[in-house]
Amino acid sequence: MPELILDRVTKRYGDIEAVRAVSFGIADGEFCAIVGPSGCGKSTALRLIAGLESVTEGTIAIGGHVVNDIDPGDRGIAMVFQDYALYSHMTVEENLSFGLRVASKPRQEVRERVERAANALELSELLDRKPTLLSGGERQGVAVGRSLVRNRKIFLFDEPLSNLDADLHAKARLEIARLHRERGFTAVYVTSDQREAMALADRIVVMRAGRVEQIGTPLELYENPDNRFVAGFFGSPAMNFLPVVTGEPRRDAVTVKLKGRKDWEMTVPTQHPELAPGTSLTLGIRPEHMVAAADASLGVEFEAHATEQLGGSSYIHGTSRHGEQIAVKQKGYSAAKAGDKLNFTFAPDKVRLFNEAGDRLR
């Protein structure tokens, strides 16, 4: 049985539905991330799980028991907030150990847990300081550490690393992953950073406008998005999108042509070969799946605007003839410069097609 189940959970604030009939289950010991743009309802969903907000409709069950009317402190969860929520009159050490001391844990155990968390988050030199003397990143580190030292069954994280600098962000993320692996707790992790979610989560719930768009493993969401929104949300840079129209249908495939290009077409496998000729679709292709075209007539032309040289790889950014944003990933160094006209092609099995409503054609 899943450790945590949301069954058609809805949260309304007056006439506004912040969360709309959300349903999903999280298995015991699973690390689940909830992602989506700002305002999509992901943090509200987390607060509903924590009991900090009341459910308007639907049920939330933890360990097989409905907890809609259970107080937050009795749900057996630990939570890390985005806005720190530290005790300003306490030192870092006291903040880290507070929950353990309230639970009357042995002093030696408290000391060991606090030292371990402080070392992992580079807080050892700050244990005697109070939050007012810490930077924003250091305060967030204390908030993360205070939750990690507690031995709870379910951990809820509300964008806990958003204020950390790049180096500490990476270390804290690895520490969260290590603790999850070693302790086996169930984790629900809210973030706007799709890279963070893909690095940490076993499964990801993608939300938009209060609804669940798709649930899957990081690879499933990246390789097989259900719609254009999910396809565009994952990947950095995001998937390229080009307008195409259908040609004559073929068995188990559809021929598509770039709008404005009579000399370019591609046959893409699909379960919808019955599409009428002239149907407008959107072709999606990842930057890493685009390769230089040997023949310009066989490729998609775009004008380079900027090139990011990242050492092991390069990203060329530009626009197509009709103004669509294009990004191409290449290994190593790229000699492309602003103003260059480039042509790239791609394999049909890497193409994803979306209809005008944004739904994926399988």
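This passage describes the salt bridges, one buried acidic residue and two open sheets of a predicted model. Local features were taken only where pLDDT is at least 70 and side-chain atom pairs only at pLDDT 80 or more, whereas totals for chains, interfaces and linings use all residues of this predicted model. Residues are numbered from 1 along each chain as its sequence is written, and side-chain values rest on heavy atoms, with hydrogens and water left out.

We may begin with the charged pairs. The structure holds 17 salt bridges, a salt bridge being a side-chain nitrogen of Lys or Arg within 4 Å of a carboxyl oxygen of Asp or Glu. One of them joins R12 to E17, with 3.2 Å between the closest N and O atoms. Both partners are partly exposed, R12 at a relative accessible area of 31% and E17 at 27%; on this scale buried means under 20%, exposed over 50% and partly exposed in between (1.4 Å probe, protein chains only). The pair also belongs to a wider arrangement, since R12, E17, R20 and E57 are linked in a network of salt bridges.

Another salt bridge connects R47 with E53, whose closest N and O atoms are 3.5 Å apart. R47 is partly exposed, its relative accessible area being 28%. In a further case, E303 and K341 form a salt bridge with a closest N and O separation of 3.6 Å. Because E303 lies in strand 16 (residues 300-309) and K341 in strand 19 (residues 341-345), this pair ties together parts that are 38 residues apart in sequence. Here E303 is partly exposed at 30% relative accessibility, while K341 counts as exposed at 51%. Strands here are DSSP runs (E, at least two residues) and helices are runs of H or I (at least four residues), both numbered from the N terminus.

A contrasting case is offered by D158, found in strand 7 (residues 154-158). D158 is buried yet has no salt bridge, and the nearest side chain of opposite charge, R47, is 5.9 Å away. For this purpose Lys and Arg count as positive and Asp and Glu as negative, with His and the chain ends not counted. What joins the side chains of D158 and S43? It is a polar contact of 3.0 Å, a term that denotes a pair of N or O atoms within 3.5 Å; within protein, one atom must be able to donate a hydrogen and the other to accept it, and residues adjacent in sequence count only if both atoms are side-chain atoms. Beyond its neighbours within four places in sequence, D158 is in contact (heavy atoms within 4.5 Å) with residues including S43, L46, M79 and V190.

Turning to the sheets, four strands form an open antiparallel sheet in the order 2-1-4-5, where two strands pair if DSSP finds at least two bridges between them. Strand 2 (16-26) and strand 5 (65-66) stand at the edges with a single partner strand each, so one side of each is left without a neighbour in the sheet. Strand 4 (residues 57-62) is joined to strand 5 by two bridges, and I62 stands opposite H65 in strand 5.

The second open sheet has five strands in the order 15-19-16-17-18, again with antiparallel pairing. Its edge strands are strand 15 (291-292) and strand 18 (325-331), each pairing on one side only. Strand 17 (residues 313-320) pairs with strand 18 over seven bridges in the antiparallel sense, and H317 stands opposite A327 in strand 18.
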